[in-house]
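Take a look at the fold below. Which parts should a newcomer follow through it?

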Amino acid sequence: MPDEIVVKEQCHGKARVRVARVWRGDGKDHEFVEWTISIILSSDCIPAYSAGDNSSIVATDSIKNTVYALAKLCHQPVSIETFGIKLASHFLDTYKEVTGACVSLVQNNWERVSIDGIPHQHGFKLGSQKRTAEITISRDKSSVDVVSGFTDLSLLKTTKSGFEGFIRDKFTLLPEVRERLLASTVTAKWRYARKPSCYTGTYDKVTRTLFETFFGPSKSGVYSPSVQNTLYLMAQEVLRSVPEVSSIELNMPNLHFLPVNMPTVGVKFDHDVYLPTSEPHGSIQACLARKTLTSKL
């Protein structure tokens, strides 16, 4: 007798829904956001796979349209975390078939411009760093899992970095150095132990803490013996400074700037001329967490 075939796992949703929202106050500064949103629903729709019965499916077109409808209903500026919670909750409250919802959001970094030192009422420029969030809610809503973060934050310092004492073998060519450039394009994700009073305020505090720890004091800086150690100190300081955060994951590729040394043509390296490279690059990542990780959102 042949084995019974079952659907072990399944989900469906809508990916890369793009939406922009403007809030225009009477005589006040305009607020603008641009989001790319992906939504995954877990639901009791096995017959759609096994029998072609679509009666329990939430159409992905309906999922897409919900994004625009709920954006319209946000009459005041909201964080991506708050909007993601609204979206996930909507699908659970509206469709009895839905057992869980995961909403991933990416916010483009539109920054207000200043003209003659005065912030512009309705002018913005696009930066590189992108804010992110991922919201996961189950049917019983016993917990709301919120992960905030960012991508594409490029950082570089021109001194106060080295790399020594690593394992050497017959394939090792890398010299030990106490003076080098340190550069990385950082991706960060942090999970909340409890709901912060303001998601955007907490995002700003985490980002500022990472900045300050990476660079150190403005005049003296801080020495980095490795990307690994700098990553650890950055994450550790976030956990010490932001009690709402229960864990933080950092991905910090080591972007290499190679010394240019051509003494035969009069170009002798003196920590001044480098060849920038983007690949291959070192890959360094770690997650630091508090021992107690119970979410209280």
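The text below goes from the sheet to the helices that pack on it.

This is a predicted model, in which local features need pLDDT of at least 70, side-chain atom pairs count only at pLDDT 80 or more, and totals for chains, interfaces and linings use all residues. Residues are numbered from 1 along each chain as its sequence is written, and side-chain values use heavy atoms, without hydrogens and water.

Start with the sheet. It is open, and 8 strands form it in the order 1-2-3-6-7-8-9-12, with antiparallel pairing. Strand 1 (12–23) and strand 12 stand at the edges; each has a single partner strand, so one side of each is left without a neighbour in the sheet. Strands here are DSSP runs of E with at least two residues, and helices are runs of H or I with at least four, numbered from the N terminus. Two strands pair if DSSP finds at least two bridges between them.

Now look inside the sheet. Strand 3 (residues 98–107) and strand 6 (residues 130–138) run antiparallel, joined by 8 bridges. V103 has I135 in strand 6 as its bridge partner.

Helices come next. Helix 3 (residues 80–94) packs on the sheet and touches strand 2 (31–43), strand 3, strand 6, strand 7 (144–157) and strand 8. Contact means heavy atoms within 4.5 Å.

Finish with helix 5 (residues 227–241). At 1.5 Å a residue, its 15 residues should span 21 Å, and its end C-alpha atoms are 21 Å apart, which agrees. That expected span is 1.5 Å times one less than the number of residues. The cover over the buried residues of helix 5 includes strand 8 (182–192), helix 4 (199–215), strand 9 (245–251) and strand 12 (285–289). Buried means under 20% relative accessible area (1.4 Å probe, protein chains only).

Terms used
Axes are lines fitted to C-alpha atoms, for helices over the stretch in contact, and angles run from 0 to 180 degrees between N-to-C directions.
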